[in-house]
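User: I am new to this structure and would like to understand how its descriptions are justified. Could we go through them one at a time?

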Amino acid sequence: MARNEFSCDCNIIHEEAVNEVLNKIPDENTFNRLADLFKLIGDTTRCKILFALDQKEMCVCDLANVLNMTKSSVSHQLSNLRRSGIVKCRRNGKEVYYTLDDDHIVQLFEVGLEHIHHKN
């Protein structure tokens with residue numbers, strides 16, 4: 001059997017560091033939810049929606065015009081983002097306006113965008 005050159009075959013060298021991380025490591029469900037969050041925002045169309053909503057609160061019709069998409073397509077994406085707590089909406093008469101859900105989502109999106117710009 002071939003030895004994996006990337007695996008560590010040593011004993012714990014920095015036991016305190018290992019124990020500190022082990023004491024803080026979240027459960028599997030937390031990692032699954034985090035991965036799901038990144039999967040949701042890891043789609044080009046949804047990133048464009050998030051960008052638009054990071055700039056301004058918008059209704060479906062306006063988002064469809066900005067993104068050159070159908071209202072149906074935008075609504076479908078917004079529904080997924082809303083169910084996952086990434087965007088929220090408010091009703092004003094017949095209109096429904098969307099924004100990013102909270103400061104955490106704003107920061108996550110903006111830091112990601114800044115990281116991409118910084119690397120270019």
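Analyst: In this predicted model, helix α2, which spans residues 28-41, gives the most to the lining of the largest pocket, contributing six residues.

User: Which residues line the largest pocket, and what makes a residue count as lining?

Analyst: A lining residue must have an atom within 4 Å of a pocket point. Those that line the largest pocket are Thr-30, Arg-33, Leu-34, Asp-36, Leu-37, Leu-40, Ser-84, Gly-85 and Ile-105, and the pocket itself has a volume of about 220 Å³.

User: How does the lining of the largest pocket divide into nonpolar, polar and charged residues?

Analyst: The division is four nonpolar, three polar and two charged residues. Gly is counted among the polar residues by the rule used here, so Gly-85, which belongs to the lining, is placed in the polar group.

User: What is the pattern of helices and strands along the sequence?

Analyst: The chain contains six helices and three strands, and read along the sequence they follow the pattern α-α-α-β-α-α-β-β-α.

User: In what order do the three strands form the open sheet, and why is one side of β1 and of β2 left without a neighbour?

Analyst: The order is β1-β3-β2, with antiparallel pairing. Because β1 (58-59) and β2 (87-92) stand at the edges and each has a single partner strand, one side of each is left without a neighbour in the sheet.

User: How do you know that β1 and β3 pair?

Analyst: Pairing requires at least two bridges between two strands, and β1 and β3 (residues 95-100) are joined in the antiparallel sense over two bridges, so the requirement is met. Within this pair, Cys-59 has Tyr-97 of β3 as its bridge partner, while Met-58 stands opposite Tyr-98 in β3.

User: How many bridges join β2 to β3, and what is found between these strands in their hairpin?

Analyst: Six bridges join β2 to β3, and the two strands run antiparallel; among the bridge partners are Asn-92 and, in β3, Glu-95. The hairpin has two residues between the strands, and Gly-93 takes a positive phi near 65 degrees there.

User: Which helix lies across the three strands?

Analyst: Helix α3 (residues 44-55) lies across β1, β2 and β3, and this helix runs at about 95 degrees to β3.

User: What radius of gyration does the chain have, set against a compact globule of 120 residues?

Analyst: A compact globule of 120 residues would have a value near 14 Å, but the chain has 20 Å. The C-alpha atoms of the chain fill a box of roughly 65 × 30 × 30 Å, taken along the principal axes.

How values were computed: Residues are numbered from 1 along each chain as its sequence is written. This is a predicted model: local features need pLDDT of at least 70, side-chain atom pairs count only at pLDDT 80 or more; totals for chains, interfaces and linings use all residues. Side-chain values use heavy atoms; hydrogens and water are left out. Helices (H or I, at least four residues) and strands (E, at least two) are DSSP runs, numbered from the N terminus. Contact means heavy atoms within 4.5 Å. Axes are lines fitted to C-alpha atoms, for helices over the stretch in contact, and angles run from 0 to 180 degrees between N-to-C directions. On a 1 Å grid over the protein atoms alone, a cavity is a set of points where a 1.4 Å probe fits but cannot get out, and a pocket is an open set with protein on both sides within 12 Å along at least five of seven lines; lining residues have an atom within 4 Å of a point. Grid points are joined across faces, edges and corners, and a volume is the space filled by probe spheres set on the points. The radius of gyration is taken over C-alpha atoms; the globule rule is 2.2 Å times the number of residues to the power 0.38.
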